[in-house]
Amino acid sequence: MSLRIYAIAYLIFLYAPILLLPVFAFNDATIIAFPLSGMTTEWFAALQTNKSLHAALGNSLIIAGCTAVFSTLLGMCAARAAAMSHFPGKGGITGFVMLPLVLPEIIVAVSLLVILRQVLGLDLGNWTIIMAHVLICTPFSIAILNGAFGNLDPAMEEAALDLGETRWSAFRLVTLPLVMPGIISSMLIAFTISLDEFIIAFFLTGSNPTLPVYIWGLLRFPAQLPVVMALGTILVGLSIILLTIAEVFRRRGLARSGGKDTGGFL
Amino acid sequence: MTDLIQLRGVNKYYGDYHALRDIDLTIRAGEFFSLLGPSGCGKTTLLRVIAGFEGVSGGTVMISDKNMKDVPPNKRPTNMVFQSYAIFPHLSVAQNVAFGLRTRKDIDKANHKALVEEALNMVGLSGFGGRAAHALSGGQRQRVALARALILKPKVLLLDEPLSALDKKMREHMQVELIRLQRHVGITFILVTHDQEEALVMSDRIAVMFAGEIGQMDDPETLYRRPKSRRVAEFIGKMNFLPGQVQTVGDTLDLTIAGFGAAQITPDQMPEGARTGDVSVGIRPETLAILFDGETARRHECPGTVDEVVYYGDMTYYDVRVKDVPQPLTIAMKNLIGRPVLDVGETCRIAWDDRALVLF
């Protein structure tokens, strides 16, 4: 019984603030406070006409899309190597690759800024954020794809080879379709992480902010707060949809390769 | 029969681990050949060397007089049935069976459908083409794996423990079916198994492997009746070992066996390089017999005491103590009509025959 109370309290603690987002997004007042003063869609309408918001959203989508593709490609290479071959120091290397997962983002952000600006003298822009986001998303991709490749019977690819296919066509015709759910899942997770990542984007953003950085900028103008709430509501909704799709694909992949569910991110 | 596969001095190292040691092997066209041995003996490695999944550290592999060095698995005239069957779960049964036809430019595409149907028919799965592969039972998966390999008409079909995942009834059924299939298609089958009974039932010839070496290579009957070493004898079937001493080696070989007394062995039974001195005498449980009332031994008999009785229904296995023999002898008796089952502690007479003796 006490465990149930604890669980409910925990869930309220976690999700109550998020639940307030849609409440105030539809509230007809510029001040964020109770009591509520009526229903409006004004703030959502304001989103549609905001040019700099659209530019920030466009940046974020480009960055998230590129991050999803690159981190998944890198993750595939790492997961396939970990699952299908043996080489000295494999355990150490796979552990090291996963390290960015536990590094504080502020450290990553500062060190990347120093390297990119001071050492390499590069201009900041979308590409620098993409590089940094690939760095932090790749461990997540590897974790998901490790499951997909690890559950795959190595004999599958060998069987295709045995039946006359080359290494590449065996991979394309057999391995790729079998790990595709993992690939989609990995891309969705990386996309989501990149889309709402703030600290690194804040440090590395050039003249064009990403969406989270833009939202942070809005907070300085109290009148804009309800608009931020409306935007936040849409983002929360999108994140939930993307993560759910990712989890569905991950489970489907497990069912297809006949593996055991060792737990995902949901 | 012509020689199809020739292995000469094949060695394989994994780091410091010597997985295959100087393997010399000739497999003839149309033969049902088995690689038999305990797990870790290198039999699967040897199969994978023939398939091309593993390179060799030394020696040559020839198939149809062509050196297979640097020939990848997809260019070899071999096909494999994997232990896990490796049926592609995202394809249908028909797509699985047709998989290998894609790269075969010599087979007209218009014939693919008929070939698939023929292959499925051959393994008793006609009408299953439209099924999803992941919905099949273990036995059906194995048939699909067979059809998928045989449709390409390879010179050699390699089978890696194909029956180990099936239950006992199904396994015995598939043994007979595999033999029939092999005779029907006339393709050389190379079977890897750790099950000595399976190897004896199915093979024309068997290579018994231990620790990366071939211990003996013979037809099943020779292997069973004339094992060349004690470990081959111990691995295949059951065998009793008694200490003995060879007195003379001439036209015949005279020896005395502990507990049994004098015995004489004819030239065809003599091991290579037989000489006087201590030997180990092997005798199979079914070549010994317990004598019941009124029965007499054709050659020799000696007294014993029943130490253990294991009743199998069709057979009873007795462990019998004989004076001066260090370990109880296992004796296999058919439970014929009117023949009693003895109790532990009863005394009995044992019949033995010098024609059944094997010296090590």
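Reader: Which residue stands opposite Val309(B) in β17(B)?

Author: Tyr318(B) does, in this predicted model. Pairing is read from bridges: two strands pair if there are at least two between them. Here six bridges join β16(B) to β17(B), residues 315-321 of chain B. The two strands run antiparallel.

Reader: How many residues lie between β16(B) and β17(B) in the hairpin?

Author: Three residues separate the strands. Look at Gly313(B) in the turn: its phi is positive, about 95°.

Reader: Which strand besides β17(B) do I follow from β16(B), and what is the bridge partner of His300(B)?

Author: Go to β19(B), residues 347-352. Six bridges tie β19(B) to β16(B), residues 300-311, and this pair is antiparallel. The partner of His300(B) is Trp352(B).

Reader: Now the chain contact. How many residues does each chain give?

Author: Count a residue pair when the C-beta atoms, placed from the backbone, lie within 7 Å. Chain A then gives 16 residues and chain B gives 17. On the chain A side, α7 (154-162), α8 (167-195) and α11 (225-257) each supply at least two residues. The largest share is from α7(A), with six residues.

Reader: How do the chain A residues that touch chain B divide by type?

Author: Eight are nonpolar, three are polar and five are charged.

Reader: What does the domain assignment give for chain B, and how far apart are the C-alpha centres?

Author: Domain 1 covers 3-231 and domain 2 covers 238-359, according to the assignment. The C-alpha centres of these two domains of chain B are 39 Å apart.

Key: Residues are numbered from 1 along each chain as its sequence is written. Chains are lettered from A and ligands numbered from 1 in the order in which they are written. This is a predicted model: local features need pLDDT of at least 70, side-chain atom pairs count only at pLDDT 80 or more; totals for chains, interfaces and linings use all residues. Helices (H or I, at least four residues) and strands (E, at least two) are DSSP runs, numbered from the N terminus. Two residues are in contact if their C-beta atoms, placed from the backbone, lie within 7 Å. Ala, Val, Leu, Ile, Met, Phe, Trp, Tyr, Cys and Pro count as nonpolar, Asp, Glu, Lys and Arg as charged, and the others, Gly among them, as polar. Domain bounds come from an automatic or database domain assignment.
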